[in-house]
Amino acid sequence: MVRAGLTTERLVRAGAELADEVGFEQVTVSALARRFDVKVASLYSHLKNSQDLKTRIALLALAELADRAAEALAGRSGKDALGAFADVYRDYALAHPGRYTAARYPLDPETAAASAGPRHAQLTRAILRGYDLPEPDQTHAVRLLGSFFHGYVSLETVGGFAHSAPDSQESWTRIVDALDSLLRNWPIR
């Protein structure tokens, strides 16, 4: 196999693909070296270690997810924006389970601040502008939506809803409708 052409970006993308195939927890520099049929040492000019690789995959996943969410929100507001945003998270998690897990990888504060992570909160707040929520209620709503998206998707990806009717898509649609209703009728204190 030709070894030329290895770049940090190529390795990170391959690591992200590997995460989707075998699980984010299984991604290591050694596993990546096997994928490229090279010695582990040859990757250290691009990556410090497995933690560095995982951090870079997390940054890639956060950026991909934020880009998709921003595109889905363009020109939408209210329930349409909420549904589009919710679907982006669910679709991404179902299509890219390893990357979705990576997007929740703990980052040091400086790396987190420079990542696409803050964009996710900004995008969520953009949705909430359509519901006229003041602070601190907006922060509570951001946390509620994040908890819902992550909780539902986490249960769904491990088969948590496969054992009974109605199907998961019907529940997802109904719950997004319920969230819209809740946000329009948010209890202000």
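This is a short tour of one helix crossing and some aromatic rings in a predicted model.

**Stop 1: the H4–H9 crossing.** Start by selecting residues 78-95, helix H4, together with residues 168-184, helix H9. Their axes come within 10 Å and cross at roughly 140°. That angle makes H4 oblique to H9, since a pair counts as roughly antiparallel over 145 degrees. The crossing of H4 past H9 is right-handed.

Now show the side chains where the two helices touch. On H4, pick Lys79, Leu82, Gly83, Ala86, Asp87 and Arg90. On H9, add Ser168, Gln169, Trp172, Val176, Asp177, Leu179, Asp180 and Leu183. Colour this H4–H9 contact by residue class and you will find 6 nonpolar, 3 polar and 5 charged residues.

**Stop 2: an aromatic cluster.** Keep Trp172 on screen, as this contact residue of H9 also belongs to an aromatic cluster. To complete the cluster, select Phe85, Tyr89, Phe148, Phe149, Tyr152 and Phe161.

**Stop 3: a ring pair between two loops.** The whole structure holds 10 aromatic pairs. For one of them, select Phe24 and Tyr105: their ring centres are 5.4 Å apart and their planes stand at 75°, so the pair is edge-to-face. Phe24 sits in the loop between H1 (8-22) and H2 (29-36), and Tyr105 in the loop between H5 (97-102) and H6 (109-114), so the pair ties together parts 81 residues apart in sequence.

Before you leave, switch on the surface. Which of these two rings' residues is buried, and which is partly exposed? Phe24 is buried, with a relative accessible area of 4%, while Tyr105 is partly exposed at 21%.

Definitions and conventions
Residues numbered from 1 in each chain as written. Predicted model: local features only at pLDDT ≥ 70, side-chain atom pairs only at ≥ 80, totals over all residues. Heavy atoms only, no water. Axes fitted to C-alpha atoms, helices over the stretch in contact; angles between N-to-C directions. Helix = DSSP H or I, 4+ residues; strand = E, 2+ residues; numbered from the N terminus. Parallel < 35°, antiparallel > 145°, perpendicular 65-115°, else oblique. Left-handed = near helix turned anticlockwise from the far one by under 90°. Contact = heavy atoms within 4.5 Å. Nonpolar A, V, L, I, M, F, W, Y, C, P; charged D, E, K, R; others polar. Phe/Tyr/Trp six-rings, centres within 6.5 Å; stacked < 30°, edge-to-face > 60°. Buried < 20%, exposed > 50% of the residue type's maximum accessible area, 1.4 Å probe, protein only.
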